[in-house]
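Please look through the sequence and the model shown below. The paragraphs after them go from one helix to its surroundings.

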Amino acid sequence: MSAVTYFEAIVVGALQGVSELFPVSSLGHSILLPAWIGGKWADDLSMGKDSPYLAVLVAMHVATAIALVVFFWRDWVRIIRGLWTSIRDREVADSDQRLAWLLVLATIPVGIGGLLLESALRNFLGKPVPTAIFLALNGVVLLAVERFSKVRKEPAVPVAAEQTIDFSAEVTMPMRAISVEEASDRRLSKLGVGEAVLIGAAQILALLPGISRSGITMVAGLRRGLDHEDAARFAFLLATPVILAAGVLKMPSLFAPENSASLGPALVGSLVAGIAAYIAVRFLTSYFETRTLTPFAVYCVIAGIGSLVYFLA
């Protein structure tokens with residue numbers, strides 16, 4: 001059995017770390033890259049059932065999830081504390097508690113879908129031509145949501161033009177300033193349970209190679225009225241437990257005797273993937289404050305159609 005080399009692992013690790021969080025499909029790129037290069041790469045990085053490549057990708061996914069935990073660690077401290085206090089006190093009294101339960105409920109559909117469908121879909125569709133089609137479709141969906149979605153408006157409080165309010169006699173109370181991240185989490189906590197579950201369920205479509213997990217989750221969030229910044233944030237928070245759980249569940253396969261030659265490359269590739277993912281999420285959280293999905297959509301359409309033409313030629 002062929003083994004993944006260190007150079008292959010480094011390249012794939014960098015690609016995995018970036019493309020898992022960019023809305024361009026890490027699974028799609030993990031299939032298309034070896035097919036484009038061909039030769040030994042196509043043999044070593046095969047999606048076949050007994051290929052060591054799958055085990056190496058699992059390790060890289062775990063590294064990506066760890067990078068997300070590190071980047072959002074303050075949020076996860078508040079969210080986990082909120083979940084614990086909610087269970088302890090048997091109430092949902094604040095935004096952290098509500099957001100924690102929304103994340104739990106929104107993760108259930110993709111967890112069930114992944115267990116039931118992931119292996120079958122990967123084996124049936126994990127080939128260059130179907131992947132290229134889904135990648136192009138991913139781009140079309142991203143373009144469509146930018147064209148037709150509208151950001152939810154917070155209801156304004158009407159005040160008569162002649163009305164004035166005098167606060168001079170009021171006792172001023174000190175207020176704790178909240179961070180931009182906390183403000184975003186408070187907005188996300190206002191999602192309805194059905195809305196959050198629907199956004200989370202959109203991740204099931206990412207089981208199709210070429211459909212981006214972060215991209216399709218953002219699409220669902222934008223359709224529910226979130227702005228790009230909050231949609232991206234919710235997508236990254238939702239992805240963390242899903243990627244981590246799936247990776248840990250499949251991690252034992254990496255230590256099977258037949259994959260021993262790929263352990264070293266897997267470790268190095270995972271380190272690269274983790275660093276790349278941290279840089280990617282740092283960039284994207286800033287990017288989506290003012291920008292849209294359109295550049296990624298155009299890339300996916302061009303790369304998908306180009307790959308389809310190449311592999312059908």
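Helix H5 is made of 17 residues, and from its first C-alpha to its last it reaches 24 Å, close to the 24 Å expected at 1.5 Å a residue. The helix covers residues 73-89, and Ile87 is one of its residues. The model is a predicted one, with an average pLDDT of 89 for the protein and a score of at least 70 for 90% of the residues. In residues 156-165, however, the pLDDT is below 50, and this stretch has zero contacts in the model beyond near neighbours in sequence.

Which residues of H5 are buried? They are Asp75, Trp76, Arg78, Ile79, Gly82, Thr85 and Ser86. An α-helix has 3.6 residues a turn, so residues three or four places apart point the same way. The buried residues of H5 pack against four helices: H4 (52-71), H6, H8 (180-188) and H11 (228-250). Just after the end of H5, Arg90 has a positive phi of about 55 degrees.

Two of the charged residues to follow next are Arg78 and Asp96. Their side chains meet in a salt bridge, with 3.0 Å from N to O. Arg78 lies in helix H5 and Asp96 in helix H6, so this pair ties together parts that are 18 residues apart in sequence. Are these two residues buried or exposed? Both Asp96 and Arg78 are buried. The pair also belongs to a network of salt bridges that links Asp75, Arg78, Asp96, Asp185 and Arg233.

The structure holds ten salt bridges. Another of them joins the side chains of Arg88 and Asp89, again with an N to O distance of 3.0 Å. Arg88 counts as partly exposed because its relative accessibility is 48%, and Asp89 counts as partly exposed at 35%. A further salt bridge is formed by the side chains of Arg224 and Glu195, at 3.7 Å from N to O. Arg224 lies in the loop between helix H10 (213-223) and H11, while Glu195 lies in helix H9 (residues 193-201), so the pair ties together parts that are 29 residues apart in sequence. Arg224 counts as partly exposed, with 34% relative accessibility, whereas Glu195 counts as buried at 18%.

Now turn to the surface. A nonpolar patch of about 1100 Å² is found there, and the residues that make it include Ile87, Val92, Trp101, Val193 and Leu249. Which helix gives the most to this patch? Helix H6 (residues 95-125) does, with eight residues. Ile87, in helix H5, has a relative accessible area of 47% and is therefore partly exposed. A residue needs over 30% relative accessible area to be counted in a patch.

A last stop is Ser26, which is found in helix H2 (residues 26-37). Ser26 is buried, because its relative accessible area is 7% and the cut-off for buried is under 20%. Which residues does Ser26 touch, not counting those up to four places away in sequence? Ser26 touches Gln16, Ser19, Glu20 and His61.

Conventions. Residues numbered from 1 in each chain as written. Predicted model: local features only at pLDDT ≥ 70, side-chain atom pairs only at ≥ 80, totals over all residues. Heavy atoms only, no water. Patch = residues over 30% accessible without salt bridge, like charges linked within 9 Å, V, L, I, M, F, W, Y side chains within 5 Å. Areas by Shrake-Rupley, 256 points an atom, 1.4 Å probe, with all protein chains shown as cover. Salt bridge = Lys/Arg side-chain N within 4 Å of Asp/Glu carboxyl O. Helix = DSSP H or I, 4+ residues; strand = E, 2+ residues; numbered from the N terminus. Buried < 20%, exposed > 50% of the residue type's maximum accessible area, 1.4 Å probe, protein only. pLDDT = per-residue confidence, 0-100. Contact = heavy atoms within 4.5 Å. Expected span 1.5 Å × (residues − 1).
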